[in-house]
Amino acid sequence: MSTPSWAVVTGQEDEAARAEWSRAAQQAGLAQPRFVPWSAVVDSEAEFGSGEVVFAERLYPDTAADPVGGQRARYAHLQAALERLDAAATKAGASLAASVEQTLLALDRTKCDAFLRDSGLPLLELSDVSAVGGNTLRPRFAGSDEWMIDGWRTQLFRHRTRTGFEVWRAPGQGAGDRRELAEVAELLAPDGIHAVASLHRVHLLNNFYDFRFAVLDGKVTHAVGVKREGDALREWYGGRRREIDAFLTRFATERWERLIALAERTATLFAGIRSLGVDLILDNEKSEYVFDVDPFGASLPGLVGGLPGAEGEPVSVRGAVLRSLSAHW
């Protein structure tokens, strides 16, 4: 069996991602990756080898000037970068670990939600922000930093999170009223911001959680509960997943298996993406919904393990990806 040849496209200074890929290579018994900066891709100077498998990290352009209104421009920037990456890989005879077309679909939440809904998957319905009850505004494009509005609703801040954050709340601030939310929705409507029904949140261990699943080659390999209102720039998931134990104790194995099946069913619609992240939100009874799809894989740094009851040596998400790559080489 030949040794896989592979490369990772990252930001020039994204040392955290580079360190995680290097550890994954060691876990998988592979040679260290060859890193290619996004800047070389954007400048059409990136080179790849024949037969090389190319993984791409998320591209984070500078968003300080216009963190919300510039979303559409940032998405266009990412689209151009991915198309240049695809062209360079194709010319060299290399292959991408994620389809460019499906990546761009996943990062356009308006199109992705419609696609998932048309495919029969359960999603939260769009809301009238003037209706009774809480609503959540979601940015259309997920190609770079997320965003939120501070407690005074006068200034926009970058806020890198795993999924849409209630833009009318700041960490530690109370919710705005329906009138304020409607005004925000009207202000941001030209950029595709929309409101969805109130978020369902399962309550475990005195916190509200949703669940993130890593789906590799169509099968869930890792899972964690993510605190919905966490505002860390880069979450760390190491250690035993107590929230999964609490979930199994409260809801039993049948509902857990239903979540696994929903995540894997979602992944079948993105067969061109080798490693997919799927976020599910759920209530305290029996309803589950797909909330986000991450074409760059499940971002679970520090997590080494697998599903409850899984056998075999614990491995990180990226380690599992590279072991699968090696096994299929």
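Here are legends for five close-up views of this predicted model.

A few ground rules: residues are numbered from 1 along each chain as its sequence is written, and side-chain values use heavy atoms, with hydrogens and water left out. Because the model is predicted, local features need pLDDT of at least 70 and side-chain atom pairs count only at pLDDT 80 or more, while totals for chains, interfaces and linings use all residues.

**View 1. Strand S1 and its two parallel partners.** Helices (H or I, at least four residues) and strands (E, at least two) are DSSP runs, numbered from the N terminus. S1 covers residues 6-10, and five of its five residues are buried; buried means under 20% relative accessible area, exposed over 50%, and partly exposed in between (1.4 Å probe, protein chains only). Trp6, Val8 and Thr10 point one way, and Ala7 and Val9 the other way. That fits a general habit: in a regular strand the side chains alternate between the two faces of the sheet. Two strands count as paired if DSSP finds at least two bridges between them. S1 runs parallel to S3 (residues 53-56), with four bridges joining them, and here Trp6 has Val53 as its bridge partner. S1 also pairs with S2 (residues 34-37), again in the parallel sense and over four bridges, with Val8 partnered by Phe35. To get from S1 to S2, the chain goes through helix H1 (residues 15-28), making a right-handed β-α-β crossover. Right-handed means that, with the strands pointing away from the viewer, the path from the first strand over the helix to the second runs clockwise.

**View 2. Helix H3 and its two sides.** H3 (residues 71-92) has 22 residues and reaches 32 Å from first C-alpha to last, close to the 32 Å expected at 1.5 Å a residue; the expected span is 1.5 Å times one less than the number of residues. Its buried residues include Tyr75, Leu78, Leu82 and Leu85. Seen down the axis, the buried residues of H3 fall within an arc of 150°, so they line one face of the helix. That arc is taken from the directions from the helix axis to the C-beta atoms. On the face turned away from the buried side, look for exposed Ala73, Thr90 and Lys91. Right after H3 comes Gly93, with a positive phi near 85°.

**View 3. The bend in helix H7.** H7 (residues 242-268) spans only 29 Å between its end C-alpha atoms, whereas a straight helix of 27 residues would span 39 Å. Check out Ala252, where H7 bends by about 115°; the bend is the angle between axes fitted to the seven residues ending there and the seven starting there.

**View 4. Strand S10 among its antiparallel neighbours.** S10 (residues 207-216) has eight of its 10 residues buried. With S9 (residues 202-204) it pairs over three bridges, and Leu204 stands opposite Asn207. S10 and S11 (residues 219-227) share eight antiparallel bridges, and they form a hairpin whose turn holds Asp217, with a positive phi of about 50°. S10 also pairs with S12 (residues 275-282) over six antiparallel bridges, where Leu216 is matched with Ser275.

**View 5. The largest nonpolar core.** A nonpolar core is a set of buried Ala, Val, Leu, Ile, Met, Phe, Trp, Tyr and Cys residues joined through side-chain atoms within 4.5 Å. This one has 32 residues, and Phe211, Phe213 and Trp256 touch the most other members. H7 gives the largest share, 10 residues.
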